[in-house]
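Trainee: I am new to this structure and would like to learn how its descriptions are justified. Could we go through it together?

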Amino acid sequence: MQTLVFSTTNPSAWNTHGYTIKNPPKSTAVFRRLPNVSAVASPPALRTLPPEKVQIFKSLESWATQNVLPLLKPVEKSWQPTEFLPNPAQNFDDFTKEVHALRHRTSDLPDEFLVVLVGDMITEEALPTYQSMINRLDGVKDETGACTSPWAIWTRAWTAEENRHGDLLKTYLYLSGRVDMTMIDKTIQYLLSSGMNTGTNRNPYFGFVYTSFQERATFVSHGNTARLAKERGDPVLAKICGSIASDEKRHESAYSRIVEKLVEVDPSGAMLAIGEMMRMKITMPAHLMYDGQDPNLFAHFSAVAQRLGVYTAGDYADILEFLIQRWRLEKLEGLTDDARRAQEFVCGLAPRMRRLQEKADERAKKLRTTTGVKFSWIFNKELYL
């Protein structure tokens, strides 16, 4: 991705991709250029819903109250970040002992693992962007900010549950002393400023297909970091990641249940949406990640996650197969011609992905070279990809 450098010698205003600078300070201002939107944008006819489709979500409000909202946990029964962290309310000596114990547990965690954990945490910290995405979807948006529709209640409560994830991971990493928190904070600010483009636009069919896939992906990723943390001797971090993974699993169940219902009430419309999202590919929510130094930070972070087995191309195919089975897509009948073609495409996609990945892996083995990349999150230490 490119970086825009705005010269401060011209006092006029610039506007690009939502950034407007008037009378900039004497120092140079640097912003990131977003990728070409057309690369992930859906066809114009699918970007918004006609009134009759919007009405489907209105008619499903009672169903959502009975089948989606119960997957939320009451606040009083939810874990809180402080349960996993040193208690600052105790006397100073006991508090510092707990901090020392945390630092001892994390002292042997490999740099590669820390990079993946930081990347996962930064992804969680971009939560305002994700809530904004859902609140743009026709038929399910929170019209007032405190709307009492089950769709709005779900979105706010889902956000509240998710908010604990980044808070906990960030504090744990801060106390470890193993990472550069200034660079991490900059990355979070850059990411929130950049937003994300998932191609869902205002279409809730697209939006719920995306969130079904993405929540499954985060469940897999956090589950694998829990496993690695345990193997590396940090049972507390393993429990943290496992608790987050458990939340993600519940959230995935909710979003998958919504799509499952759409497949039931509007099989052709749902199948077309699933097909279009798979053609565009599921864009990871932190794909615009940047730290002010590495324009390919997300690609480098993803390469480390792939190498450690935290989230891989194989996982992508596994998730697709899981959702195909969950939604019983192969058994759908009575579809329109376009929906039937989408069905054939989606149901045959995972095997094709695996074959292509196998060929790519073989080519990579033959041409394998070690590429060193410095990560600002770990004080510019170099990792080989």
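Mentor: Gladly! Let us begin with a term: contact means heavy atoms within 4.5 Å. Please keep in mind that this is a predicted model.

Trainee: Which residues meet where helix 4 and helix 8 come together?

Mentor: From helix 4 come Phe 113, Val 116, Asp 120 and Glu 124, and they meet Ser 221, His 222, Thr 225, Leu 228 and Ala 229 of helix 8. Helix 4 covers residues 111-125 and helix 8 residues 204-231; their axes lie 11 Å apart at an angle of about 145°.

Trainee: Is the crossing of helix 4 and helix 8 left-handed or right-handed?

Mentor: Helix 4 passes helix 8 in a left-handed crossing.

Trainee: What makes the span of helix 3 close to the expected one?

Mentor: Helix 3, residues 92-106, has 15 residues, and the expected span is 1.5 Å times one less than that number, so 21 Å is expected. From first C-alpha to last, helix 3 reaches 21 Å.

Trainee: Why are the buried residues of helix 3 said to line one face?

Mentor: The buried ones are Val 99, Leu 102, Arg 105 and Thr 106. Viewed down the axis, the buried residues of helix 3 fall within an arc of 120°, so they line one face. Helix 6 and helix 9 are among what covers them. On the other side, Lys 97, His 100 and His 104 are exposed.

Trainee: What makes the pair of Asn 91 and Asp 93 a polar contact?

Mentor: A side-chain oxygen of Asn 91 comes to within 3.2 Å of the backbone nitrogen of Asp 93, and the cut-off is 3.5 Å, so the pair qualifies.

Technical notes: Residues are numbered from 1 along each chain as its sequence is written. This is a predicted model: local features need pLDDT of at least 70, side-chain atom pairs count only at pLDDT 80 or more; totals for chains, interfaces and linings use all residues. Side-chain values use heavy atoms; hydrogens and water are left out. Helices (H or I, at least four residues) and strands (E, at least two) are DSSP runs, numbered from the N terminus. Buried means under 20% relative accessible area, exposed over 50%, partly exposed in between (1.4 Å probe, protein chains only). The arc is that of the directions from the helix axis to the C-beta atoms. A polar contact is a pair of N or O atoms within 3.5 Å; within protein, one must be able to donate a hydrogen and the other to accept it, and residues adjacent in sequence count only if both atoms are side-chain atoms. Axes are lines fitted to C-alpha atoms, for helices over the stretch in contact, and angles run from 0 to 180 degrees between N-to-C directions. A crossing is left-handed if the near helix is turned anticlockwise from the far one by less than a right angle, and right-handed if clockwise.
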